[in-house]
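User: Could you take a close look at one part of this model for me, and walk me through it in plain words?
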Amino acid sequence: MFRNLFSSGFRKGRQLAGLGGLVAALTMTAPAMAQDKEPIVFGGSIPLSGVFAFAGVHIHAGLTDYTSWINSEGGINGHPVEYVMEDTAYEVDRSVAAFKKISGSDSPAVYYGDSTGFMKAIAAELNSQGNTLMSGASFATALTDNEQYPFQFIPGPNYSQMFGIILEYIASETGEGDKPTLAFVYSDTEFGKDPIENGKARAAELGIEVVEEIVTKPGSVDVSAEVLKLRRVRPDYVVFHGYVLSPINEFMVQMRQMGLDTKFMGTFWSSDKLIIDKMGADADGYMGVMPYNYYDSEESGPMLDALRAQAEKSDPEAGYRPTGYMQGWFNAMVWTEVIKRTLDAGKELTAENMAASLASIEDWDTGGIIGIPVTVRDMSFPVGRIWRVNADEGRYEPVSDWIHLD
Amino acid sequence: MDWLFFGEISLAGLAMGGLYSLIALGFVIIYKATRVINFAIGEIMMFAAYLFLAFAGGMELSPWIALPLAVLGGSILGGVIEKVMIRPMLGESPIAVVMVTIGIASILVGVVELFWSADPQLLPRFLPREPVFIGPLYLAPKIAYGFLIGAAVLILYLLYFRFSRGGVALRATASDQAAAYSMGINVRRVFNLAWVFGSLAASLAGVLVAATGGLSPQFGIIGLSVLVVVIVGGLDSILGALIAGVFIGWLETVAGAYLGGEYRMPATFLVLAVILVIRPYGLFGTHEIERV
């Protein structure tokens, strides 16, 4: 019985502790076969501890496993790949310090930023250096402003585009002449507020009425007053943004207790399997927008199969890999594609050349990570699919086709 | 004005305020007896909630066995902290002791991440799920039952402080340590008792609050938000903690409902600022208290 005391969290905790010990730079090197060429460095400010550690450990695992896999495939055009990172505890100042240190010592061609705050803070330096292309955990709409952030991209749709995909789905589910009603529930953070104005504008274009906006303060204990507000407007849909788990569960449970038949939806970081694992049957019917196939989906493809094989190889006991893992892997995949295109064109690996290579991506086959060919628009991949929780099966199942925004 | 809506959100706010009162009580008991501002109170709450998760989730014990075990664990933790880390600091400057409590908070966060990972968690369900109606007014069941449990414990505390030998010793020590010592009261034991009882209140509140709002290693931040409650009520006033807790809970909820969630904190801090100007020692606090 005592073995179960800390549940599976104990093992994860030990892993986390082990990873946390890698405060100094961690380096993955390529096999000897590819070491005759200069290594290409993937850098990263990774939140292995702090508030975002629940995702950071999986992002780190995705980046690590991709590095191992690409090196086993001979690297990028024969160049071995090294992954150099530092733990940032999800603090902007530590992320900046890590970037300066890694930039100074390892000259990374590409870099993983752990937050919107960091990616904004480092933009001026990144622009002036001109030798690193950056992406990361952020899907912030602001980062797709090419004027201000020419060397940063989003590894999927930005948050406004995610709302666009959700709203298109809602519109497609609505009968002719009906006007669905919608409420936005978001956290009182930069992250939470990101897509709201664009979302309202897009909803109006699609004939969807936004009947309520609920803002919750970070770490809110009780949301029953907010639920009471929603009871009065009885929305057909509630879209959550800016959360990982709580208070989504409380909204869903309390609104259902009140007899409302509202459907609940969320964006990328609110659509992990964590919701199913923690909420159990209460999660049934919850829908999320996801740009990648889930690790345990029935989809397949050469890259998705390679990802699963590498994940199994690196940690056979890990089982399911969360969306953070998929996101880390996809970031590294895009970096590889961008570097390859730049090298193939006979150009130097400068930020400007790599940004141009990124912009040239059109109808790119991601090998099953994303179910349809993708085209880069404004430094993002505006594609996604709506998935719904099947609590009995313990997983998300697709309920829409892939939606690629123009 | 929709009075039914006002009534419902007021009820929700008052019930939530009851839980704030319980946390504030943990804060005040420790300060009143030992003059230590315990910045680790939120992390003690968090630790007890994780213990509940371990007992009820990991070991699959009945939640009604897990709850007292978790609260007991949190209380013992408070007693151990006092004996091992706070007592050696007796006579040191208040700032040094406060820094120790901040350090303890960091250690507890690390321990929790080590054993339970950084993933957000939900506690196993243990409170009834049927909606509660008081007349026509709806109240979320978790909040309603959480309030009832918290209120029952608050009454037990008040009875203990009023009638038991330990309670009298605690009150005597809080009034005048030297006089209490000269009358044969074991002041060191009273200090330890205060940490145990303060941590017990915080631990119970931790489990009840986590049952409502979820749990993560950052859960302890709630303890700091309750600092507003104890400053408004008076750092050394149990009555102040109870009244201010209920009031701040109500104010937060009403401000959130009518002005928007982003105005919850500004509303409470506005009240804090006004109280500090009018009564710097809090509504019910002792005039001479020294603030850090």
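User: What radius of gyration does chain B have, and what value would a compact globule with 292 residues have? Please stay with chain B for a while, then show me how chain A meets chain B and what is worth a look in chain A.

Analyst: Happy to. This is a predicted model, in which local features need pLDDT of at least 70, side-chain atom pairs count only at pLDDT 80 or more, and totals for chains, interfaces and linings use all residues. Residues are numbered from 1 along each chain as its sequence is written, while chains are lettered from A and ligands numbered from 1 in the order in which they are written.

Chain B has a radius of gyration of 19 Å, which agrees with the value near 19 Å for a compact globule with 292 residues. That radius is taken over C-alpha atoms, and the globule rule is 2.2 Å times the number of residues to the power 0.38. Along the principal axes, the C-alpha atoms of chain B fill a box of roughly 60 × 50 × 35 Å. Buried residues make up 54% of the 292 residues in chain B; buried means 20 or more other C-beta atoms within 10 Å of a residue's own, exposed means 12 or fewer, and partly exposed lies in between, with C-beta atoms placed from the backbone.

Chain B has 12 helices and two strands (DSSP runs numbered from the N terminus: H or I of at least four residues for helices, E of at least two for strands). In sequence order the pattern is α-α-α-α-β-β-α-α-α-α-α-α-α-α. Of the contacts in chain B with a separation of 6 or more, 76% are between residues 24 or more positions apart; a contact means that the C-beta atoms of two residues, placed from the backbone, lie within 7 Å.

Now for one helix pair. In chain B, helix H2 (residues 41-58) packs against helix H3 (residues 63-86) at an angle of about 145°, and their axes are 8 Å apart. Here axes are lines fitted to C-alpha atoms, for helices over the stretch in contact, and angles run from 0 to 180 degrees between N-to-C directions. Residues of H2(B) in this contact include Phe47(B), Leu51(B) and Phe55(B), and those of H3(B) include Leu67(B), Gly74(B) and Leu77(B). By class, the contact of H2(B) with H3(B) has 14 nonpolar, three polar and no charged residues (Ala, Val, Leu, Ile, Met, Phe, Trp, Tyr, Cys and Pro count as nonpolar, Asp, Glu, Lys and Arg as charged, and the others, Gly among them, as polar).

Between the chains, the contact takes 41 residues from chain A and 40 residues from chain B. Elements giving two or more residues to the chain A side include helix H1 (9-20), helix H2 (53-72) and strand S7 (209-216) of chain A. That side has 20 nonpolar, 13 polar and eight charged residues.

Within chain A, Leu358(A) sits in helix H14. Leu358(A) counts as buried because it has 22 C-beta neighbours inside 10 Å. Leaving out residues up to four places away in sequence, Leu358(A) touches Phe153(A), Val338(A), Val376(A) and Met379(A).

Some backbone details in chain A round this off. Ser246(A) and Pro247(A) are joined by a cis peptide bond, with omega of about 5°. Ala89(A) is not a glycine, yet has a positive phi of about 55°; Ala89(A) is partly exposed, with 19 other C-beta atoms within 10 Å. Asp363(A) also has a positive phi, near 50°, and counts as exposed with 8 C-beta neighbours inside 10 Å.
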